[in-house]
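Got the viewer open? Let's take a walk through the aromatic rings, one selection at a time.

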Amino acid sequence: MKKITLTTILLAVSLQLIAQIPVSQITWENYNPKKKIHLCNEVGKHMMYDWTAHQELHTSVGKNASYTYNAQDKTETFQLYDKKSNRAEIRLINEYEYGARQFEGYVTIFKPLDDECLMQIWGSHEGATQFMLRGFYEDNGSLTINCGSSSRIKVMDNIYGKEVKVNVIHLQEDVGNKFMVYLNDKKVFELADNEKAINNFNGNYHKYGVYGTVRDGHESPKVIWRNVQHFKDKGGKMYDKQEQKINYPTLAVKKVGDADFDAGASSSAKLPLIYRSSDLTVATITPEGKVHIVGPGKTLILAFHEGNHEYHPNSELRELVVQK
């Protein structure tokens with residue numbers, strides 16, 4: 001077992017602090033993976049947006065979920081508004097199957113958040129989440145961990161409205177084979193990984209925000225993450241995938257009563273694209289993947305592919321205007 005030291009490192013890297021949880025024999029390197037915004041709309045459809053173009057975003061019908069970034073204080077606010085939507089997250093494009101990764105950030109949860117995921121490491125043999133940091137209503141706000149085959153473990157309580165520093169460390173099999181969690185610089189969890197990241201060839205990757213089914217009487221769970229940073233072992237491998245480009249022409253103005261049409265997007269990787277409409281009162285997507293006009297107004301038509309063992313996920317948005 002590798003020796004863990006709690007000595008604080010205060011070396012500045014690119015005007016940011018390097019991770020304050022060192023691990024013996026690992027030299028941490030700050031890096032900035034691409035980010036995608038994941039929201040679910042009013043009927044639970046999965047929407048994926050490019051972060052650089054949409055640093056403030058919410059679903060248009062009923063504002064079911066929202067994400068806002070404040071560049072001044074580096075806060076990211078995630079919120080769900082009703083039971084129709086269960087996701088407001090950042091998905092990092094940081095697939096990895098080797099080496100070490102460390103997620104660091106300061107999280108605040110608020111009443112009445114209950115049983116929602118705050119941060120997760122996606123990727124298990126079942127093709128789902130391998131690690132979850134979750135918030136619960138009990139004990140005036142508590143943090144719990146689900147990891148591997150372990151049951152829910154409470155690691156902190158009495159935190160509603162209080163900022164908590166979070167460090168989640170994942171060591172793949174080649175560098176230590178374990179998960180470790182530090183809260184306010186104190187280690188609260190450690191567990192062997194013992195699971196090769198096959199995950200349909202996508203590797204592990206990180207997500208953070210708020211994810212879960214809103215319970216009756218617990219509407220509008222809100223989570224704020226501040227100063228989130230990402231680290232990898234210096235010289236460690238990233239998952240070797242290619243970028244795909246989404247070619248997406250401007251959508252022509254339509255009128256109510258126009259026939260269903262193909263939005264015309266294509267992937268440079270020749271992958272089949274999925275479409276989503278942000279406002280279902282203006283347009284929907286047919287089972288055949290065509291855009292169906294419903295009523296007058298404006299909507300965003302998303303074209304995306306979640307990637308595979310060769311290509312990273314990517315998406316593009318185009319506005320559709322429908323006249324009476």
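**A tour of the rings**

This predicted model contains 10 aromatic pairs. Start by selecting tryptophan 51 and tyrosine 69: their rings meet edge-to-face, 5.2 Å centre to centre, with 70° between the planes. Now colour by secondary structure, and you'll see that this pair links distant parts of the chain. Tryptophan 51 sits in the loop between strand S5 (46–50) and strand S6 (56–58), while tyrosine 69 belongs to strand S7 (residues 65–70), 18 residues apart. Is each ring buried or partly exposed? Tryptophan 51 has 14% relative accessibility, so it counts as buried. Tyrosine 69, at 23%, counts as partly exposed.

Next, jump to phenylalanine 103 and tryptophan 225. Here's another edge-to-face pair, with centres 5.2 Å apart and planes at 90°. Phenylalanine 103 is in strand S10 (residues 100–109) and tryptophan 225 in strand S19 (residues 222–233), so to speak a link between distant parts of the chain, 122 residues apart. Turn on the surface and look for them: phenylalanine 103 is buried, at 0% relative accessible area, and tryptophan 225 is buried with 0% as well.

Keep those two selected and add Tyr67, Phe78 and Tyr208. Together with Phe103 and Trp225, they make up one aromatic cluster.

Last stop: charges over rings. Which ring does the charged end of arginine 152 sit over? Select phenylalanine 136, and you'll find that charged end 4.0 Å from the ring centre. Then move to tyrosine 106, where arginine 226 lies over the face of the ring, 4.5 Å from its centre.

Terms used
Residues numbered from 1 in each chain as written. Predicted model: local features only at pLDDT ≥ 70, side-chain atom pairs only at ≥ 80, totals over all residues. Heavy atoms only, no water. Phe/Tyr/Trp six-rings, centres within 6.5 Å; stacked < 30°, edge-to-face > 60°. Helix = DSSP H or I, 4+ residues; strand = E, 2+ residues; numbered from the N terminus. Buried < 20%, exposed > 50% of the residue type's maximum accessible area, 1.4 Å probe, protein only. Lys NZ or Arg CZ within 6 Å of the ring centre and 35° of its normal.
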